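Hi,

Here is the model I said I'd pass on. Have a look at it first, and then read my notes below.

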Amino acid sequence: MTSETLTADASGTWKLGDLPVHRLGFGAMRLTGSAAFHHGTPSDRTRSIAVLRKAVELGVNHIDTAAFYFSALRSANELINTALSPYPDDLVIVTKVGPHRDYAGEWATSARPDQLRGHVEENLRQLGRDHLDVVNLRRMRQESIAEHFGALAELREAGLIRHLGVSDVEPRHLDEALAIAPVVCVQNRWGLDATDRATDELVRICGERGIAFVPFFAVAGDAGGLGATENHDDEVLAVARAHDATPAQIRLAWTLHQGSHVLAIPGTGNPDHLAENVAAGAIRFTEAQLNRLNALHTRAG
């Protein structure tokens, strides 16, 4: 594959509410260091800024971030602001609230409903914006998300947020949120070899309801926040050879083949990996290849 000549529009488009985005986006978590959050070593600031600008040059217009994406010296939101402000008119920045980290980087008590406004305002300050395009409520093991989601719905009515989403939820939580306000996206951990029945059901439900499903760690697999997995099944390796592609590209392409409402937000701090990720949006599987990979996903579940 000639990665450098391929752009994100090859992945197709979807609308987050009234905001069109290419289905192949970018996750900002890995911009801040060699591993997620305060693990690993801080990233090279100049390189991270270059990655963001390269992403936009390659047609990426959907960036996923959060105020709690920071390492000892780097903040994802600050890097985005520095690299891309004034923002392109078509750029959609999606953030999330709920989790909380203290100034030392350690995880603290998750936000109460009455604290969510402060979390939203912190994202606004860091990004240099007067409203947020999309805010996801990340469920922190609550049985009910109604009170938290209701607080965000009030901020949407106040004009601080344009659209709402939910993350780390089951189908019942999506129903709970939809009873309060429109939901434009659902973010859960999911991928070719990382699944559970509830999330598989969510993918189906989102498709029926016209809601974007945006999996995280689709490339990382069992490695999670540490980076892309090095464990690849024979099926993935065989399809990768057939397309002269990397296993990570095959994982991304499989994700996009699961429905026009399924998006991808791979993250990286490496410009070469960025180009490879974007190029994955142009891979088209044969029916036999897709069936082979789908069977792998079913076994993983």
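Let me start with the second largest pocket: α3 gives the largest share of its lining, five residues. Keep in mind that this is a predicted model. Helix α3 covers residues 116-127, and both it and β5 (92-97) supply at least two residues of that lining. The lining is made up of 17 residues, and the ones nearest the pocket centre are Ala67, His100, Arg101, Glu122 and Gln126. By class, the 17 lining residues split into six nonpolar, seven polar and four charged. The volume of this pocket comes out at about 400 Å³.

Now for the sheet, since β5 belongs to that as well. It is an open sheet of seven strands, paired in parallel, and the order is β3-β4-β5-β6-β7-β8-β9. Which strands stand at the edges? They are β3 (26-27) and β9 (212-213); each has a single partner strand, so one side of each has no neighbour in the sheet. In the case of β9, the pairing is with β8 (residues 185-187), parallel and joined by two bridges. One residue pair to look for there is Cys185 with its bridge partner Ala212 in β9.

Back to β5, which is where I'd linger. Are its residues buried or exposed? Six of the six are buried, so β5 is largely enclosed by the rest of the structure. In a regular strand, side chains alternate between the two faces of the sheet. Both faces of β5 are covered: Val92, Val94 and Lys96 are buried on one side, and Ile93, Thr95 and Val97 are buried on the other. Note that a lysine, Lys96, is among those buried residues.

What about the neighbours of β5? With β4 (residues 62-64), β5 pairs in the parallel sense over three bridges, and Asp64 has Val94 of β5 as its bridge partner. Between these two strands the chain passes through helix α2 (residues 76-84), and the β-α-β crossover is right-handed.

With β6 (residues 132-138), β5 makes a parallel pairing over four bridges. Here Val97 is matched with Leu137 in β6. The unit made by β5, α3 and β6 is a right-handed β-α-β unit too. That brings us back to α3, the helix that gives the second largest pocket five of its lining residues.

Shout if anything looks odd when you open it.

Cheers

How values were computed:
Residues are numbered from 1 along each chain as its sequence is written. This is a predicted model: local features need pLDDT of at least 70, side-chain atom pairs count only at pLDDT 80 or more; totals for chains, interfaces and linings use all residues. Side-chain values use heavy atoms; hydrogens and water are left out. Two strands pair if DSSP finds at least two bridges between them. On a 1 Å grid over the protein atoms alone, a cavity is a set of points where a 1.4 Å probe fits but cannot get out, and a pocket is an open set with protein on both sides within 12 Å along at least five of seven lines; lining residues have an atom within 4 Å of a point. Grid points are joined across faces, edges and corners, and a volume is the space filled by probe spheres set on the points. Ala, Val, Leu, Ile, Met, Phe, Trp, Tyr, Cys and Pro count as nonpolar, Asp, Glu, Lys and Arg as charged, and the others, Gly among them, as polar. Buried means under 20% relative accessible area, exposed over 50%, partly exposed in between (1.4 Å probe, protein chains only). A crossover is right-handed if, with the strands pointing away from the viewer, the path from the first strand over the helix to the second runs clockwise.
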